[in-house]
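Me: I'm new to this one and would like to go through it slowly. Can you take my "how do you know" questions as they come?

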Amino acid sequence: MTIKVIIADDHLVVREGLRAVLSGEPGIEVGGDCGDGEQAVHMAARIRPDVALLDLRMPVLDGAAATERIVAAGTAAVMVLTTFDTDGDVIRAVRAGAAGFLLKDASRTELVSAVRAVAAGETVLSGVAATVMASQVRGVGRSLTPRELDVLHGIAKGLSNPQIGKKLFITEATVKSHVTHIFGKLGVDDRTAAVTTAIARGILPAPR
């Protein structure tokens, strides 16, 4: 049985690279590719692929919103490509019903294996996505660790991830990981919501 895949990413080079990798694999056929989420929704409805491979950051309609529409329509199983910069989008994609999450620096073998697994009805988690999913499963509202509180205070002050890392003497990647945990525990999708929710729950002091 041939697995039919569509690809949506706003970077042409990325799309061409993904198409080249997947097209060269036996039993996998790339039915089409496009550059934004809106096109992906229409392409999925027209082609009805087994797997829709979506970038999370796209114009017109982002990957999480496109995932929600594709899953709701039942036109494809969705696997999203993510980076550590898309914490809130990963949470939205989890809630929208994405079946797979893969980091953009995944190897050829990991990509092909993930596509086959999602097409077979399995769930594939990788990197930050696994962390987010675990937070969701364990439940929203779990207490934040002291380090997560430090990062949250930095967010509340409007500091960027690199600024927080410099202030706390930790790497930017570590800050991003903490941000992911904070979002999952608070059940929010972005930094502003994290601060307002933390204030409402008494985790952060109300502004004066």
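Reply: Sure. A helix here is a DSSP run of H or I with at least four residues, numbered from the N terminus. This is a predicted model, and threonine 67 sits in helix α3, residues 63–73.

Me: Why is threonine 67 called buried?

Reply: Buried means under 20% relative accessible area. Threonine 67 has 0%, so it counts as buried.

Me: Which residues does threonine 67 touch, leaving aside those up to four places away in sequence?

Reply: Leu54, Val78, Val80, Ala93, Ala96, Gly97 and Ala98. A contact needs heavy atoms within 4.5 Å.

Me: What is the order of the strands in the open sheet?

Reply: The five strands run β2-β1-β3-β4-β5, with parallel pairing. From one strand to the next, the twist averages 25 degrees.

Me: What makes β2 and β5 edge strands?

Reply: Each of them pairs on one side only: β2 is 28–34 and β5 is 100–103.

Me: How do you know that β4 and β5 pair?

Reply: Pairing takes at least two bridges found by DSSP. Strand β4, residues 77–82, shares four bridges with β5, in the parallel sense, so by that cut-off they pair. Threonine 82 stands opposite leucine 103 in β5.

Me: Which strands do helices α2 and α5 lie across?

Reply: Helix α2 (residues 37–47) lies across β1, β2 and β3, at about 140 degrees to β2. Helix α5 (residues 108–119) lies across β1, β2, β3, β4 and β5, and runs at about 155 degrees to β4.

Definitions and conventions
Residues are numbered from 1 along each chain as its sequence is written. This is a predicted model: local features need pLDDT of at least 70, side-chain atom pairs count only at pLDDT 80 or more; totals for chains, interfaces and linings use all residues. Side-chain values use heavy atoms; hydrogens and water are left out. Helices (H or I, at least four residues) and strands (E, at least two) are DSSP runs, numbered from the N terminus. Buried means under 20% relative accessible area, exposed over 50%, partly exposed in between (1.4 Å probe, protein chains only). Axes are lines fitted to C-alpha atoms, for helices over the stretch in contact, and angles run from 0 to 180 degrees between N-to-C directions.
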